[in-house]
Amino acid sequence: FDEMAAAAADDRRVPVTVLTGFLGSGKTTLLNHILTASHGKKLAVIENEFGDVGIDDELLAKNTKLQSDEEIIEMMNGCVCCTVRQDLVVVLSKLAARVKAGTLKLDGIVIETTGMADPAPVAQTFFVEDNVKEFARLDGIVTLVDAKHIEQHLDEEKAEGVENESVEQVAFADRLLLNKTDLVSADDLDRVEKRLKTINGQAPIVRCEKANVSVDSVLNIKGFDLEKTLEMDPEFLNTDGEHEHDDTVTSVSIVQPGEVDLDQFEGFVGNLLRNRGADIFRMKGVIAVAHAKEKFVYHAVHMIFGGNFMDAWASDEERVSKLVFIGKNLDKEELTASFQGCLATQELSEKKRKMLRFAVGDEVECRSAKGWCKGKVVALMYREDFMSPGMVAPYQIKLDEGDLIYAPEDIDELIRRASS
């Protein structure tokens with residue numbers, strides 16, 4: 001959990017924006033705008049497109065000459081999410097080496113994906129590749145939407161098992177740029193925005209013409225910043241609006257008062273990632289964990305999960321958990337009921353106590369730094385402030401030699417019945 005939080009919090013890492021959107025939505029126009037705007041930032045642009053001839057490359061190269069502060073580092077053929085993730089790692093490693101050597105100063109990196117690319121594998125690169133994690137942090141996924149054509153792309157029927165890339169690009173976005181607004185009516189824009197919000201209720205929507213937006217709308221938006229997740233807008237959490245379309249991709253939010261049992265929550269998340277990971281595009285939330293003074297904040301992209309304990313709860317602040325899911329075939333009632341099973345109730349505590357193998361007074365052997373030591377169970381469901389946030393040990397044991405220790409888990413590898 002700690003690594004992802006460190007990546008978001010460490011400002012010395014180079015922020016990376018993943019720019020996605022369907023073919024023709026205006027990504028190259030937006031990049032040209034970023035390259036020619038007078039923002040004083042030194043940016044690396046990583047571009048890729050299908051085919052061997054890079055038309056975008058030529059368009060961008062012309063503008064790059066106008067702005068000596070930026071340079072396009074690499075072009076890659078093919079789909080980033082299919083064949084060239086390793087190429088992406090190589091490109092980023094080259095950049096990292098240049099920055100480390102002092103021959104390149106970078107304020108940001110923009111990765112433009114082809115119109116057919118699912119951004120998730122690109123995003124995951126920043127959490128699973130160690131050398132990439134040390135150098136760069138994923139700042140956000142920005143999806144450009146063509147206001148005139150997006151509905152037909154969203155409605156496109158795909159063969160069974162084939163994903164609708166447009167739906168996925170909207171679902172993964174931290175920010176949506178609704179482009180070409182001059183080509184449609186005000187009523188059309190309102191309808192399109194409503195449709196986008198049913199798929200992704202979290203991402204702010206910025207309207208624009210000819211992809212002309214402030215550079216701040218694209219760079220350093222902190223979409224993957226755990227601190228920013230702490231400030232989740234309550235309005236974003238209200239995703240219960242009327243759904244005019246029976247879309248399979250939706251966003252669901254849960255706001256649950258009360259404290260959460262950390263073990264149960266880890267089981268809840270593990271089950272979702274194992275069984276629903278392919279369906280859940282994005283998850284994020286702030287959890288009120290029992291026996292923890294700090295808020296547990298997390299992010300997930302498909303099956304890549306990370307989080308950490310962060311800011312402390314204020315003394316007068318209600319301890320409420322807020323969770324957001326964006327994905328396919330989400331059942332709010334099922335997710336809510338499942339999460340409510342994580343609440344730290346007296347009933348749950350009793351249930352866990354009854355499942356323990358040993359009782360107070362039982363003679364046991366415990367694995368300690370000195371090897372296996374004999375002792376006696378003196379407490380069940382043991383908790384002290386020096387223990388890590390949220391942790392409750394199944395047993396406290398007094399060793400025959402007098403030391404008090406605890407067993408973090410009720411498993412034979414750590415605690416077993418004493419041999420006679």
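**Exercise 1. What is the order of the five strands in the open sheet, and is the pairing parallel or antiparallel?**

Solution. Start with the source. This is a predicted model, in which local features need pLDDT of at least 70, side-chain atom pairs count only at pLDDT 80 or more, and totals for chains, interfaces and linings use all residues. Residues are numbered from 1 along each chain as its sequence is written, and side-chain values use heavy atoms, with hydrogens and water left out.

Step 1. Fix the terms. Helices (H or I, at least four residues) and strands (E, at least two) are DSSP runs, numbered from the N terminus. Two strands pair if DSSP finds at least two bridges between them.

Step 2. Read the order: β8-β12-β9-β10-β11, with antiparallel pairing.

Step 3. Find the edges. They are β8 (249–257) and β11 (304–312), each pairing on one side only.

Step 4. Add the twist, which averages 10° from one strand to the next.

**Exercise 2. Trace the pairing from β12 through to β11.**

Solution. Step 1. Begin with β9 (residues 280–287) and β12 (residues 320–328). They pair in the antiparallel sense over six bridges. Met-283 stands opposite Phe-325 in β12.

Step 2. Move to β9 and β10. These strands run antiparallel and are joined by six bridges. Here Arg-282 faces Val-301 in β10. The β9 and β10 hairpin has six residues between the strands, and His-291 takes a positive phi near 60°.

Step 3. Move on to β10 and β11. Seven bridges join this antiparallel pair. Val-301 stands opposite Ile-304 in β11. Two residues lie between the strands of this hairpin, and His-302 in the turn has a positive phi of about 50°.

Step 4. Check the cover on β10. Seven of its eight residues are buried (under 20% relative accessible area, with exposed over 50% and partly exposed in between; 1.4 Å probe, protein chains only).

**Exercise 3. Place the helices that lie across the sheet.**

Solution. Step 1. Set the measures. Contact means heavy atoms within 4.5 Å. Axes are lines fitted to C-alpha atoms, for helices over the stretch in contact, and angles run from 0 to 180 degrees between N-to-C directions.

Step 2. Take α9 (residues 186–199). This helix lies across β8 and β12, at about 60° to β8.

Step 3. Take α11 (residues 262–276). This helix lies across β9, β10 (294–301), β11 and β12, at about 170° to β9.

Step 4. Pack α11 against α12 (residues 332–340). Their axes come within 9 Å and cross at roughly 145°. Phe-265, Phe-268 and Leu-272 of α11 meet Leu-335, Ser-338 and Phe-339 of α12. The contact has five nonpolar, one polar and no charged residues (Ala, Val, Leu, Ile, Met, Phe, Trp, Tyr, Cys and Pro count as nonpolar, Asp, Glu, Lys and Arg as charged, and the others, Gly among them, as polar).

**Exercise 4. How much space lies in the largest pocket, and which elements give two or more residues to its lining?**

Solution. Step 1. Define the space. On a 1 Å grid over the protein atoms alone, a pocket is an open set with protein on both sides within 12 Å along at least five of seven lines; a cavity is a set of points where a 1.4 Å probe fits but cannot get out; lining residues have an atom within 4 Å of a point. Grid points are joined across faces, edges and corners, and a volume is the space filled by probe spheres set on the points.

Step 2. Read the volume: about 670 Å³.

Step 3. Read the lining. It has 25 residues, with Asp-263, Lys-352, Val-392, Pro-408 and Glu-409 nearest the centre. The elements giving two or more are α11, β11 and α13 (346–354). The largest share, four residues, comes from α11.

Step 4. Sort the lining by class: 14 nonpolar, four polar and seven charged.

**Exercise 5. Describe the second largest pocket and the largest cavity.**

Solution. Step 1. The second largest pocket holds about 450 Å³. Its lining has 20 residues, with Leu-154, Glu-156, Asn-164, Val-167 and Thr-248 nearest the centre. Two or more residues come from each of α7 (150–155), α8 (165–172) and α9. By class, the lining has six nonpolar, four polar and 10 charged residues.

Step 2. Turn to the cavities. There are four of 30 Å³ or more. The largest cavity has about 70 Å³ of space. Of its 12 lining residues, Phe-22, Leu-144, Val-145, Asp-146 and Ile-150 are closest to the centre. β5 gives the most to this lining, with four residues.
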